[in-house]
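User: I am new to this structure and would like a close look at one part of it. Could you walk me through one helix pair and what lies around it?

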Amino acid sequence: MDHNKTPLFDALRRHAAADPVQFHIPGHKKGLGSDSEFREFIGDNALSIDLINIAPLDDLHQPTGVIEEAQKLASDAFGSDYTYFSVQGTSGAIMTMILTVCAPGDKIIVPRNVHKSIMSAIIFAGARPVFISPARDSNLGIDHGITTRSVRKALERHPDAKAVLVINPTYFGICTNLKEIVELVHSYDIPVLVDEAHGVLIHFHEKLPMSAMQAGADMAATSVHKLGGSMTQSSVLNVRKGRVNPQRVQTIISMLTTTSTSYILLASLDTSRRHLALNGHALAEQAITLAQHARAEVNKIPGLHSFGEEILGDEATYDYDPTKVCIHVRHLGITGYETENWLRDNYNVEIELSDMYNILCLVTPGDTFDSVAKLIEALRGLSDKFHEGAEARELVVKIPEIPQLSLTPRDAFYAETEVIPFKESAGRIIAEFIYVYPPGIPILLPGEVISQKNIDYIIDHVEVGLPVKGPEDRSIEYVKVIVEETAIS
């Protein structure tokens, strides 16, 4: 295929150049109806291609023209049989994967440290999750992926599962042996779904881990916007035919997608595919070089450490993406959260993620030696401020056992509920989510039985000021549980 082509973007430019008289939405009519300050800032070109699915521009819900051609080019670039554009982010693509293969009551094997979009899809589908605990890193206080061994155990116990979902790479760039897991799951004739939100560049360079499509996975939701240059909220869903019906995928993604699809987002996917297909290897090489330079400089700074290849070697750390620069700050005597705020306040540096012990910096094709140099300067300033006399924080990574799932998440989510004091909720079935950071693993999900250990663990985190997310009551004093019927005497 000729990857110099951008069929959708070209069609939009031609349409804008023709300057048609528009009697359709959007109501700003090429920006003439927009707020003048916004129009001046955003630019007439962007507003001129903020269009809708009129005939010359095809329709994402049933593509037969330039969108179909653009998706075929993307499929070739990503090594899939079919690629679907998502303007609902990777969350929309993840939900599509799960709803494509799961019906009410179906089991799906998933890691416990899943993104909330996965649990949302499980609730929508009425599926029953079978959780696998991710491997925990006792040195860094973070979670890696799931292992082949744990997947094998889950399949032996639940051979009737409709799918296995794998997060690869993890947020921190760690990869499991995905090809081995795919081959194992396929031996049960079960499809493998991959949350590849943080892995768009791995398709384009041999120094980076194997992509989901290269590993033989059946579906992979991939964020082009996170690392691949497209605009925020634009992603792709890559599909391999065989165990998955592509027509079903199209039906589901259409159900989840707005009918007012953003052609600016779609055009950014079309052009980013061109850029990656033609220049992806060089772009990834540049990012890898900058990231490894950053990592080497970080490791010269007192009190800081950024892991590299030395982390590899066990089943959960089969490979890694070096463009994810994870920096361990525990030995400065401060938390990752405090580090994030300090870098913002003192050096105007914004990072991707912070937790109790680490910060995460993403090095992408949009970075330069200058941007990396500013990061290193800020981190040196951080060390100068905190290292002398610092006492390393005690590293504690203790997660309660996964609770008993008494109801499907969907049944619990829609059940009759009541609100009770959280400290008195042991033994009750929770109807909402509670996530604790670090490390971001959900401690309680709708349908699970609350244990006293869960309560103690969560309260400990709240009392030291760490983020607890999910419940409607942000203070965690009260929790929503399923109403229990009293016995009839």
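What is the orientation of α1 and α11 to each other?

Analyst: Happy to help! This is a predicted model, where local features need pLDDT of at least 70, side-chain atom pairs count only at pLDDT 80 or more, and totals for chains, interfaces and linings use all residues. Residues are numbered from 1 along each chain, and side-chain values use heavy atoms, without hydrogens and water.

Start with helix α1, residues 7-18, and helix α11, residues 263-298 (helices are DSSP H or I runs of at least four residues, strands E runs of at least two). Their axes, lines fitted to C-alpha atoms, come within 7 Å and cross at roughly 130° (N-to-C directions, from 0 to 180 degrees). α1 and α11 are therefore oblique to each other (not under 35, over 145 or from 65 to 115 degrees). On the α1 side, the contact (heavy atoms within 4.5 Å) is made by Pro7, Leu8, Phe9 and Leu12. The α11 side brings Tyr263, Leu266, Ala267, Asp270, Thr271 and Arg273 to this contact.

Now follow α11 onward. This helix also lies across strands β11 and β13, and runs at about 10° to β13. Both strands belong to an open sheet of 4 strands, ordered β11-β13-β15-β14, with antiparallel pairing (at least two DSSP bridges). The edges of this sheet are β11 (305-306) and β14 (353-354); each has a single partner strand, so one side of each is left without a neighbour in the sheet.

Inside that order, β13 (residues 324-328) and β15 (residues 358-362) run antiparallel and are joined by 5 bridges. Here you can find Lys324 standing opposite Leu362 in β15. Another helix, α12 (residues 336-347), lies across β14 and β15, with its direction at about 50° to β15. Across this one sheet, then, α11 lies over β11 and β13, while α12 lies over β14 and β15.

For a companion view, look further along the chain. There, 3 strands make an open sheet in the order β18-β17-β19, again with antiparallel pairing. β18 (442-444) and β19 (468-469) are its edge strands, each pairing on one side only. Strand β17, residues 434-436, meets β19 through 2 bridges in the antiparallel sense, and Val436 stands opposite Val468 in β19. Helix α15 (residues 452-463) packs on this sheet and touches β17, β18 and β19. The direction of α15 makes about 125° with that of β18.
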